[in-house]
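User: I would like to learn how to read metal sites, salt bridges and aromatic pairs from a set of coordinates. Could you take me through them one at a time?

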Amino acid sequence: MGDISGKCLCEAVQYRICGSLGPIYNCHCSKCRRWHGAAFRTRASFKREQFSWLSGADNLSSYASSDNVTRYFCSTCGSPLISTYKDHPDVLGIALGGLEGDISGRPQAHLFTDSKASWHQITDDLPQHSGWPGTESAVRKTVD
Ligand SMILES: [Zn+2]
Ligand SMILES: [Zn+2]
């Protein structure tokens with residue numbers, strides 16, 4: 001369980017996550033697609049206490065994409081970084097694309113596949129859910 005590090009495209013913002021991530025999901029919801037400009041957002045949740053900014057904490061911008069969720073990104077290069085949740089203030093969500101090196105986990109499922117881009121075809125065998133998996137913990141239920 002080594003530390004995980006990551007950074008934005010312009011490298012102004014750098015961060016570290018101590019310990020391991022929660023379950024990893026590919027989120028196909030329209031908000032994640034727009035935020036990332038991609039077919040889906042690969043993301044994981046973890047405890048806020050695991051997280052620290054190493055640099056660039058003063059170079060963040062944020063956008064509240066719903067009453068519950070605020071998304072933080074680099075003010076210079078626009079890279080998506082973390083999400084915070086009003087209903088779970090002790091939890092953060094992270095975009096996996098910014099991580100350095102390897103991690104132990106792999107994506108477990110596709111979420112919000114009802115909102116999937118019509119031009120994207122899911123070709124793996126991972127479970128597909130129209131929302132969040134029904135019997136998940138509070139961490140997993142947190143919408144990003
Ligand atoms: Zn940046
Ligand atoms: Zn999403």
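Analyst: What follows goes through the metal sites, then the salt bridges, then the aromatic rings, bearing in mind that this is a predicted model.

User: Which protein donors hold the zinc ion (ligand 1), and how are they spaced in sequence?

Analyst: One begins with the donor atoms and their distances: for the zinc ion (ligand 1) these are the SG atoms of Cys8, Cys10, Cys74 and Cys77, lying 2.3 Å from the metal. Along the chain, these donor residues follow the spacing C-x1-C-x63-C-x2-C.

User: What arrangement do the four donor atoms around the zinc ion (ligand 1) make?

Analyst: The general reference is that four tetrahedral donors have ideal angles of 109.5 degrees at a metal. Around the zinc ion (ligand 1) the four donor atoms subtend angles of 107 to 115°, and the arrangement is therefore tetrahedral.

User: Are Cys8 and Cys10 buried or exposed?

Analyst: Here the two residues have to be taken separately, since Cys8 has 3% relative accessibility and counts as buried, whereas Cys10, with a relative accessible area of 35%, is partly exposed.

User: Which residues coordinate the zinc ion (ligand 2)?

Analyst: The zinc ion (ligand 2) is coordinated at 2.2 Å by the SG atoms of Cys27, Cys29 and Cys32, whose spacing in sequence is C-x1-C-x2-C. A caution belongs with any such list, because water is not among the atoms and sites may look incomplete. As for their surroundings, Cys27 and Cys29 are both buried.

User: Where does His28 lie, and what does it touch?

Analyst: His28 is placed in the loop between strand 3 and helix 1 (30-36), and with 0% relative accessibility it counts as buried. Leaving aside residues up to four places away in sequence, the contacts of His28 include Arg33, Phe40, His110, Phe112, Lys116 and His120.

User: How many salt bridges are there, and what should I look at in each?

Analyst: The count comes to four salt bridges, and for each one it helps to read the N to O distance together with the accessibility of the partners. Asp3 and Arg16 form one of them, with their closest N and O atoms 3.9 Å apart, which can be set against the 4 Å cut-off for a salt bridge. Asp3 has a relative accessible area of 48% and is partly exposed, and Arg16, at 33% relative accessibility, is likewise counted as partly exposed.

User: What parts do Asp3 and Arg16 tie together?

Analyst: Asp3 lies in the segment before strand 1 (4-7) and Arg16 in strand 2 (residues 14-17), so this salt bridge ties together parts that are 13 residues apart in sequence. Another salt bridge joins the side chains of Lys7 and Glu11 at 3.6 Å, N to O, where Lys7 is partly exposed at 25% and Glu11 is partly exposed at 42%. Asp102 and Arg106 also form a salt bridge, at 3.3 Å between the closest N and O atoms, and Asp102 is exposed, with a relative accessible area of 60%.

User: How many aromatic pairs does the structure hold?

Analyst: The structure holds six aromatic pairs, and each is read from a centre-to-centre distance and an angle between planes. The pair of Tyr25 and Trp132 has its centres 5.7 Å apart and its planes at 85°, which makes it edge-to-face, since planes over 60 degrees apart are so classed. Tyr25 lies in strand 3 (residues 24-27) and Trp132 in the loop between strand 10 (107-111) and helix 2 (138-141), so the pair ties together parts that are 107 residues apart in sequence. Both Tyr25 and Trp132 are buried.

User: Which residues form one aromatic cluster?

Analyst: Tyr15, Phe46, Phe51 and Trp53 form one aromatic cluster.

Methods: Residues numbered from 1 in each chain as written. Chains lettered and ligands numbered in written order. Predicted model: local features only at pLDDT ≥ 70, side-chain atom pairs only at ≥ 80, totals over all residues. Heavy atoms only, no water. Phe/Tyr/Trp six-rings, centres within 6.5 Å; stacked < 30°, edge-to-face > 60°. Helix = DSSP H or I, 4+ residues; strand = E, 2+ residues; numbered from the N terminus. Buried < 20%, exposed > 50% of the residue type's maximum accessible area, 1.4 Å probe, protein only. Contact = heavy atoms within 4.5 Å. Donors = N, O, S within 2.8 Å, 3.2 Å for Na, K, Ca; no water. Tetrahedral: all angles 85-135°; square planar, octahedral: opposite > 155°, others 65-115°.
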